[in-house]
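Hi there,

Here is the structure I promised to pass on. Please open it alongside this email, and I will walk you through what turned up.

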Amino acid sequence: MNTLNLPPTSWLNAPAHTAWRLAEAQRLLAFAKAAKLPDGFGNLDAKGQLAPGACAETMNTARMTHCFALAHLQGIPGSLAYAEHGVAALRGAMQDASYGGWFAHPGGQEDSGKAAYLHAFVALAASSAVVAGAADAQLLLADATEVIETHFWSEAKGALRETFSRAWQLPEPYRGANSNMHATEAFLALADATGNSLWLQRALRIAERIIHTHAAANGYRVIEHFDAHWQPLPDYNREHPADHFRPYGTTPGHAMEWARLLLHLEASLQRAGLLAPQWLPDSACRLFDAACQHAWNVDGAAGFVYTLDWANRPVVHARLHWVHAEACAAAAALLQRTGEAQYEQWYRNCWGFIANHFIDPVAGSWHHELDARNRPAGTIWPGKPDLYHAYQALLLPGLPLAPSLASNLASSSYVTR
């Protein structure tokens, strides 16, 4: 990785910290293997067990496929079989053989619709599996890109449509920043897996809309919810503020995630010989700084709260593991990009908080949720089903900002210190 901007004492250059990160990543992988089911991957409880009668889920299967592909690229023996199991599941009963696209569960004809969020993760999984050389991954990638091209991508708006019925009818009159954020991540990976820079240009168009247009005009707080014409819906889900994917208000964790993705996008555009506008790194800094200012230790306890209202007051006080994982990854990216001491401090602070509160040395993996007093909870995210956020946060600090994660791990530039 390019360490030109890093202070000599940075944890990103510290062999002991690198060893700790990689060991923790392998601990997470070992825990996650228990999620394997005959038709995909399911959700593990707090003890790392599947509930009786547990069913596979497409989102979890896609995320697990992505992560085990990354593990194989790291050189973790046995990981490829798990990635190929995921590919087979995504090409099996999870895929709609009649209308195309993916159900939320295997054989889920009764599912409410085809969601952009879910399909972004299928595309990410397919991209990583292709780079890892998983069997049939190219076929999965071709199907995923066709569905995105045909149904979700709006060339006129430069962003994804949200949700359709099973037969691609009844489009939902809603547009979401969350699904488009994960599409941005997937498009960076698609650009590397396919060699087609069109995906980078599309990622830039999404970022221009969500961040350069709307967040920049809103104090670099990410507006999450829009109508079909991309007009903001500030009161969306006010009655259901702790929704898993569409919470009311602003979500500081997404500001962190966007900050990192903007830096990956900048580096990827430059690597492809394309223009990378200056607002990308500028916005990354502003998003991260605003999230830290408004969401850290705002209710008398350490950690980032889940959501804020439009006056920057906490709404959902729970601390979620993915928010803190994204804060670590974003701080590392900003530190690498700028060399500024504040990002080194945030990087250390966030890992310290994770080590002291989220990492579960007894039952394994990480607690996914803490209450307002930083005690393990499960109101929003019960159990420990998510490998994706924590695993990526443990890998990203050791890599350049481009190419995307799987291609980075596959390249000779990845060095374990």
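Below are my notes on two helix pairs, one further helix and a few loop residues.

Before anything else, please keep in mind that this is a predicted model.

**Two helix pairs**

Two packed helices are described by the angle between their axes and the distance between the axes. Let's begin with helix H10 (residues 321-338) and helix H11 (residues 341-358). Their axes come within 8 Å and cross at roughly 155°. Angles over 145 degrees count as roughly antiparallel, so H10 and H11 are roughly antiparallel to each other. H10 passes H11 in a left-handed crossing.

If you would like to look at the contact itself, the residues on the H10 side include His321, His324, Cys328, Leu334, Leu335 and Thr338. On the H11 side, Tyr343, Glu344, Trp346, Tyr347, Trp351, Phe353 and Phe358 are among the residues they meet. By type, the residues of this contact divide into 15 nonpolar, three polar and one charged.

The other pair is helix H2 (residues 58-74) with helix H3 (residues 79-90). Here the axes come within 8 Å and cross at roughly 150°, which makes H2 roughly antiparallel to H3. The crossing of H2 and H3 is left-handed. From H2, the contact includes Thr58, Thr61, Thr65, Phe68 and His72; from H3, Ser79, Leu80, Tyr82, Gly86, Val87 and Leu90 are among the partners. The residues of this contact divide into 10 nonpolar, six polar and no charged.

**Helix H4**

Does the length of a helix fit its residue count, you may wonder? For helix H4 (residues 116-132), the 17 residues at 1.5 Å a residue should span 24 Å, and the end C-alpha atoms are indeed 24 Å apart, so the two agree. H4 is mostly covered, with 16 of its 17 residues buried. Right after H4 comes Gly133, whose phi is positive, near 80°.

**Backbone features in the loops**

Most residues other than glycine have a negative phi, and most peptide bonds are trans. With that in mind, a few places are worth a look.

The loop between strand S6 (163-164) and strand S7 (174-176) holds Trp168, and Leu170 is found in the loop between S6 and S7 too. Trp168 is not a glycine, yet it has a positive phi of about 65°. Leu170, also a residue other than glycine, has a positive phi near 50°. Which of them is buried and which is exposed? Trp168 is buried, because its relative accessible area of 10% is under the 20% cut-off. Leu170 is exposed, since its relative accessible area of 69% is over the 50% cut-off.

Further along, the peptide bond from Ala402 to Pro403 is cis, with omega near 5°. You will find Pro403 in the loop between helix H12 (388-395) and helix H13 (405-410).

**One more glycine**

Finally, have a look at Gly300, in the loop between helix H9 (279-295) and strand S9 (319-320). Gly300 is exposed, with a relative accessible area of 70%. What separates the C-alpha atoms of Gly300 and Ala372? They sit 8.9 Å from one another, although the two residues are 72 residues apart along the chain.

Happy browsing, and do write back with any questions.

Best wishes

Note on methods: Residues numbered from 1 in each chain as written. Predicted model: local features only at pLDDT ≥ 70, side-chain atom pairs only at ≥ 80, totals over all residues. Heavy atoms only, no water. Axes fitted to C-alpha atoms, helices over the stretch in contact; angles between N-to-C directions. Helix = DSSP H or I, 4+ residues; strand = E, 2+ residues; numbered from the N terminus. Parallel < 35°, antiparallel > 145°, perpendicular 65-115°, else oblique. Left-handed = near helix turned anticlockwise from the far one by under 90°. Contact = heavy atoms within 4.5 Å. Nonpolar A, V, L, I, M, F, W, Y, C, P; charged D, E, K, R; others polar. Buried < 20%, exposed > 50% of the residue type's maximum accessible area, 1.4 Å probe, protein only. Expected span 1.5 Å × (residues − 1).
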